[in-house]
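Colleague: I'd love a close look at a single part of this structure. Please take me through it slowly, and connect it to the rest where you can.

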Amino acid sequence: MLEIKGLTVKYKVEGKECLALHHLDMKLEEGDICAVIGPSGCGKSTLLHVLSGILSDYSGLVTIDGGPVDPKQKRIGFVPQNYGLLEWANAYDNALLGLDIKHESRLGQGPYIEYILKQLGLWDIRSKYPSQLSGGQKQRIAIARSFILKPHLLLMDEPFSALDAITREEIQDLFLEVWKENKVSTVFVTHSMEEAVYIGRKIAVMSPSPGRIVKVLENPLFGAGNLRLRDEYYRFVMELRKMAKEEWSN
Amino acid sequence: MSRKNKITGYLAALIFLFAAWYGLSFLAQIPFLPSPAVVFVNIKKIFISDILVHLVYSLWRIAAGITASVLVGIPLGLCMGYYKTWDKLLSPVVYFTYPIPKIALIPLIMLIFGLGELSKIAMIFLIVVFQIIVSARDSGRAIPKETFYSLYSLGAGSLDIFRRVILPASLPGLLTSIRISLGTSLSVLFFTETFGTQYGMGYFIMDSWMRVNYIDMFSGILVLSVAGFLLFFLVDLLERLLCPWKP
Ligand SMILES: Nc1ncnc2c1ncn2[C@@H]1O[C@H](COP(=O)(O)OP(=O)(O)O)[C@@H](O)[C@H]1O
Ligand SMILES: [Mg+2]
């Protein structure tokens, strides 16, 4: 459903060009989850900005379902690294921004909205404004927004980074649960190997800046359940770490 | 708690001011400094019959001037903040005209708009509109670009972006600029009301002064001050109503 060929992105900083992505190739099947790992600054966020239609100044070929990236036509759920909340809207309105922009009724979605907000621990704080919330709560609003949109393509940029360990595990499980129901095609950026193995069906490893995808692994443990109780999980994470270290050191 | 403290503070200041006024008038015993008690009684007696019409005229001029400034200044300023070409074209104009003391333009304004209503409103407009343009432009610029990203990724059009990001983000700054320009516009209004009209608080105060009716004069000053205070308060109230998200 998603195909990237030779994607190159340059930023212009004070007249100088700075290469962020260089000939990146990637593919995502319908209903797949691809975890993208890479060292910081390698261009992970840049990649998602291209896929979400925020950044359109690139060279190379990027298609969603064979067509161009057009957020007006496609339903793209995007969880930005900095949450992307509107300061002047309360948690509830922020979570429903997707429906509002798509001019869809909130009413029909009522029970699902309530379910998601309750599962994410946001129901009781739904009338609070972002300035009154913690980083973790704001991040959960951003996640809620993308779930409530029921997107066709879900893009998440380190979506669990601000959560404490226990909440993170709960919400990772919630994500997998929601994903199982809708099987939405997902690209998921993280710098945590554990998270990549826990959530990704495929794991794409990026090179240091300027970023390319150097390896794509099939995750043999995907869907195995109870991963955190299994030795294979920790062994695979160790393997991945060793491999990434090699890729990133030279 | 802190709001209660604030109110107590305002009340204490008010009592102090009136006590000082009372003390001064009692000590001085001069006709052009009547005691506040006498002024209060006079206001009660003549407010409806003699003052109200002037107050309404003044408030109407203020309201018309500010409304016109908002209608012109907000779109202009936001466009300057959002589109680089508008900014390049208009910012130098604003830069050079902003510091001109607008009151110096009164003769010119009167030549253009005559002695009547229009020139008084135009003066207020001239004072307020620059504040609003500058504040709208700056708050448009200050919105971090990441704020737009979620809307872009949802495929939002320009109308959505204006309504959901640009306008709410600049509202607090706009209200502050209105509050700041309110004081200046009140004093300029007073000045313009001293000629070319028989209505307005400026006219009432100056006329009482000419008639050597100091009690009426002080009544006018007090009513105008209270009106100014209430306008300030109204802007505060609007801010609390429209920007409940402000910490
Ligand atoms: N808006 C921008 N302007 C200029 N350079 C940028 C911008 N955004 C990112 N970069 C640069 O591009 C590179 C990749 O950034 P980013 O995609 O944020 O990496 P990551 O998300 O993997 O940490 C970095 O070197 C960063 O400094
Ligand atoms: Mg990033």
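Modeller: Y83(A) sits in the loop between strand 5 and helix 2 of chain A; helices (H or I, at least four residues) and strands (E, at least two) are DSSP runs, numbered from the N terminus. This is a predicted model, in which local features need pLDDT of at least 70, side-chain atom pairs count only at pLDDT 80 or more, and totals for chains, interfaces and linings use all residues. Residues are numbered from 1 along each chain as its sequence is written, chains are lettered from A and ligands numbered from 1 in the order in which they are written, and side-chain values use heavy atoms, with hydrogens and water left out.

Y83(A) is not a glycine, yet its phi is positive, about 75°. Most residues other than glycine have a negative phi, and most peptide bonds are trans. With a relative accessibility of 18%, Y83(A) counts as buried; buried means under 20% relative accessible area, exposed over 50%, and partly exposed in between, using a 1.4 Å probe and protein chains only.

Q81(A) shares this loop, which runs between strand 5 (76-79) and helix 2 (91-95) of chain A, and it is partly exposed at 38% relative accessible area. The OE1 atom of Q81(A) and the OG atom of S45(A) are the protein donors of the magnesium ion, ligand 2, at 2.1 to 2.3 Å. Donors here are N, O and S atoms within 2.8 Å of the metal (3.2 Å for Na, K and Ca), and because water is not among the atoms, sites may look incomplete. S45(A) belongs to helix 1 of chain A, so the pair ties together parts that are 36 residues apart in sequence.

That brings us to helix 1 and ligand 1. S45(A) also places a polar side-chain atom 2.7 Å from an oxygen atom of ligand 1. In the side chain of T46(A), an N or O atom is 2.5 Å from an oxygen atom of ligand 1, while G41(A) brings a backbone N or O atom to 2.7 Å from a ligand 1 oxygen. These are polar contacts, meaning pairs of N or O atoms within 3.5 Å; within protein, one must be able to donate a hydrogen and the other to accept it, and residues adjacent in sequence count only if both atoms are side-chain atoms. On its own, ligand 1 has 560 Å² of accessible area, and the protein covers 66% of that; such areas come from the Shrake-Rupley method with a 1.4 Å probe, and for residues only the protein chains shown count as cover.

Strand 1 (2-13) and helix 1 (44-51) of chain A are the elements that give two or more residues to the shell around ligand 1. Helix 1 gives the most, with 3 residues. Among the residues around ligand 1 are Y11(A), V13(A), A20(A) and K44(A), where being near means having a heavy atom within 4 Å. The shell has 4 nonpolar, 5 polar and 1 charged residues; Ala, Val, Leu, Ile, Met, Phe, Trp, Tyr, Cys and Pro count as nonpolar, Asp, Glu, Lys and Arg as charged, and the others, Gly among them, as polar.

Helix 1 has 8 of its 8 residues buried, so it is largely enclosed by the rest of the structure. After helix 1 comes G53(A), with a positive phi near 80°.

K44(A) and L48(A) lead on to V189(A), which is in contact with both, and also with V36(A), M156(A), D157(A), E158(A) and P159(A), leaving aside its neighbours within four places in sequence; contact means heavy atoms within 4.5 Å. V189(A) lies in strand 7 (residues 185-190) of chain A and is buried, at 0% relative accessible area.

E158(A), one of those partners of V189(A), takes us back to the theme of phi. E158(A) has a positive phi near 45° and is not a glycine. Its place is the loop between strand 6 (153-157) and helix 6 (165-182) of chain A, and it is buried, with a relative accessible area of 9%.

One last backbone feature to look at: the peptide bond between S209(A) and P210(A) is cis, with omega about -5°. P210(A) lies in the loop between strand 8 (202-206) and strand 9 of chain A.
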